[in-house]
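This report concerns the surroundings of a ligand in a protein. Please examine the sequence and the structure before reading on.

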Amino acid sequence: MIKIAPSILSADFAELGRDIRRIATADYVHFDVMDGRFVPNISIGLPVLKSIRPVTELPIDVHLMIEEPSLYAQRFCDAGADLVTMHVEADTEENLHKAIAAIHAKGKKAGVVLKPATPAEAALPYLEEVDILLVMTVEPGFGGQKFMADMMPKVTTLRKWIDARNPACELEVDGGVDPETAKVCVAAGANVLVAGSSVYKAENIPERIAQLRG
Ligand code: DX5
Ligand code: ZN
């Protein structure tokens with residue numbers, strides 16, 4: 001089944017509770033955390049996560065675009081994350097292994113993320129221990145960018161490795177996903193689609209979510 005994870009980066013932060021209730025038919029709430037260092041933008045963090053936790057029953061998918069995510073992963077679990085993903089470019093392999101174990105010890109799901117320039121091989125050290133792999137289809141930092149179709153071979157490679165070595169692992173894509181590019185991602189092997197602007201700019205959000213699911 002294809003799962004949809006609307007990114008609340010494209011929501012109206014002055015009406016965040018309302019905008020989260022509007023995506024109730026989705027599968028995850030995608031929560032983008034940016035520190036102004038790993039990416040050239042600053043977004044939302046722990047207090048906002050804590051505030052939205054009671055607003056939705058959907059699992060919250062926290063995408064950490066921060067330096068040394070291992071230092072913060074457990075605090076995001078405590079603030080209400082169900083799933084925490086960390087960039088392989090942002091920390092040491094040793095720290096990421098420890099953080100994945102710490103997230104699991106909290107009963108939450110863990111994953112790693114690859115920026116566009118990072119090869120599929122960078123996920124291999126984590127393949128058997130993660131619940132999700134996330135492939136960026138834009139440079140992380142901003143919503144509303146153009147989908148990078150040249151990331152699809154990476155998605156297909158990861159799908160092959162997941163099927164062979166950790167079939168329960170989910171494969172997520174993030175950036176520039178709309179009803180057209182969603183089909184390309186699914187054909188390449190993704191099963192979780194993050195979509196920010198495409199969902200929040202839609203006239204009818206539940207209809208757009210259904211359309212993305214295909
Ligand atoms: C980008 C974020 C994405 C972003 C997606 O750095 O990780 O989750 O919100 O937005 P769209 O779907 O508009 O590309
Ligand atoms: Zn994201």
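Strands (E, at least two residues) and helices (H or I, at least four residues) are DSSP runs, numbered from the N terminus. Strand 2 contributes the most to the shell around ligand 1, with 3 residues. At least two shell residues each come from strand 2 (29-34), strand 3 (60-65) and strand 8 (192-195).

This is a predicted model, in which local features need pLDDT of at least 70, side-chain atom pairs count only at pLDDT 80 or more, and totals for chains, interfaces and linings use all residues. Residues are numbered from 1 along each chain as its sequence is written, and side-chain values use heavy atoms, with hydrogens and water left out.

Ligand 1 is surrounded by 20 residues, the closest being Asp32, Gly141, Asp174, Gly196 and Ser197; a residue is near a molecule if one of its heavy atoms lies within 4 Å of it. The shell divides into 8 nonpolar, 10 polar and 2 charged residues, where Asp, Glu, Lys and Arg count as charged, Ala, Val, Leu, Ile, Met, Phe, Trp, Tyr, Cys and Pro as nonpolar, and the others, Gly among them, as polar.

The table lists polar contacts of ligand 1, a polar contact being a pair of N or O atoms within 3.5 Å.

| Atom of ligand 1 | Partner | Distance |
|---|---|---|
| oxygen | side-chain N or O atom of histidine 63 | 3.2 Å |
| oxygen | polar backbone atom of glycine 176 | 2.8 Å |
| oxygen | polar backbone atom of glycine 196 | 2.7 Å |

The protein covers 100% of the 380 Å² of accessible area that ligand 1 has on its own, as computed by the Shrake-Rupley method with a 1.4 Å probe.

Technical notes. Chains are lettered from A and ligands numbered from 1 in the order in which they are written. A polar contact is a pair of N or O atoms within 3.5 Å; within protein, one must be able to donate a hydrogen and the other to accept it, and residues adjacent in sequence count only if both atoms are side-chain atoms.
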